[in-house]
Amino acid sequence: MQKEKLRVIRKQKGYTQQQVADFIATDVSNYSRKESGDVRIVKDEWDKLARFLNVPIEDIYEEEEATVVVNNDHPVFNDRSSSAGVITTQNNYDNIPGAIIEHLQSYISLLKEENERLKEELKGSQNTTSRIKK
């Protein structure tokens, strides 16, 4: 959601996005995305913006809407999904061969066993150390 109140007051005060970005210690492209609503503005930044623009925070603050940006063109994330940025509950793992899933599950089990063994080993060494100190 575009931060219209923030944009309007910034322009009324005669500030550029670069000047505001410099004040809140970010680059102008990131600030532009914040003002356009693509990137979240955190509480500390709202405080800084109000201070910079010399206005009460209520004059510029607008609620954040949770947004998700999906880049389906990225080779890592291109999963045949046609949702185009819409979050779905659909499982997109149907294209992973069963043998790979089984191998990964087996590996996870092995790691869990190793983790438990190391925990026991650590407990044993702590008990030995505490007996030596006494």
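Is lysine 34 buried or exposed, and what is its relative accessible area? In this predicted model, lysine 34 is found in helix 3 and is buried, with a relative accessible area of 5%. This value places lysine 34 in the buried class because that class takes in residues under 20% relative accessible area. A polar atom of the lysine 34 side chain lies 3.2 Å from the backbone oxygen of arginine 40. When neighbours within four places in sequence are left aside, the residues in contact with lysine 34 are Lys3, Ile24, Val39, Arg40, Ile41 and Glu45. Of these contacts, Glu45 belongs to the buried residues of helix 4.

Helix 4 spans residues 43-53. Its buried residues are Glu45, Trp46, Leu49, Ala50, Phe52 and Leu53. Viewed down the axis of helix 4, these residues fall within an arc of 165°, and they therefore line one face of the helix. This arrangement can be set against the general geometry of the α-helix: with 3.6 residues a turn, residues three or four places apart point the same way. The exposed residues Lys43 and Arg51 are carried on the face of helix 4 turned away from the buried side. The cover over the buried residues of helix 4 includes helix 1, helix 2 and helix 3, the last of these comprising residues 28-36. Helix 4 is followed by asparagine 54, which has a positive phi, near 55°.

The largest nonpolar core has 14 residues. Leu6, Tyr31, Trp46, Leu49, Leu53 and Ile60 are the members with the most contacts inside this core. At least two residues of the core are supplied by each of helix 1, helix 2 and helix 4. The greatest contribution comes from helix 4, which gives 5 residues. Trp46, Leu49 and Leu53 are also listed among the buried residues of helix 4.

Aromatic pairs were examined next. A pair of aromatic rings is described by the distance of the centres and the angle of the planes. The count comes to 3 aromatic pairs. In one of them, the ring centres of tyrosine 15 and phenylalanine 52 are 4.5 Å apart and the planes are at 50°, so the pair is tilted. This pair links distant parts of the chain, 37 residues apart: tyrosine 15 is in the loop between helix 1 (4-12) and helix 2 (17-23), whereas phenylalanine 52 is in helix 4. Tyrosine 15 is partly exposed, at a relative accessible area of 27%, while phenylalanine 52 counts as buried at 18% relative accessibility.

Phenylalanine 52 also pairs with phenylalanine 23; here the centres are 4.8 Å apart and the planes are at 40°, so this pair is tilted. Distant parts of the chain are again linked, with phenylalanine 23 in helix 2 and phenylalanine 52 in helix 4, 29 residues apart. Phenylalanine 23 is partly exposed, with a relative accessible area of 37%. Through ring pairs, Tyr15, Phe23 and Phe52 are linked into a cluster.

Residues 101-128 are covered by the UniProt annotation "coiled-coil region", which comes from an unreviewed entry. In the model, the chain over residues 101-128 is 100% helix and 0% strand. The end C-alpha atoms of this segment are 41 Å apart.

Note on methods
Residues are numbered from 1 along each chain as its sequence is written. This is a predicted model: local features need pLDDT of at least 70, side-chain atom pairs count only at pLDDT 80 or more; totals for chains, interfaces and linings use all residues. Side-chain values use heavy atoms; hydrogens and water are left out. UniProt positions are given in the numbering used here, feature names are shortened, and annotations may be inferred rather than shown by experiment. Helices (H or I, at least four residues) and strands (E, at least two) are DSSP runs, numbered from the N terminus. Rings of Phe, Tyr and Trp (its six-membered ring) pair if their centres lie within 6.5 Å; planes under 30 degrees apart count as stacked, over 60 as edge-to-face and the rest as tilted. Buried means under 20% relative accessible area, exposed over 50%, partly exposed in between (1.4 Å probe, protein chains only). The arc is that of the directions from the helix axis to the C-beta atoms. Contact means heavy atoms within 4.5 Å. A nonpolar core is a set of buried Ala, Val, Leu, Ile, Met, Phe, Trp, Tyr and Cys residues joined through side-chain atoms within 4.5 Å. A polar contact is a pair of N or O atoms within 3.5 Å; within protein, one must be able to donate a hydrogen and the other to accept it, and residues adjacent in sequence count only if both atoms are side-chain atoms.
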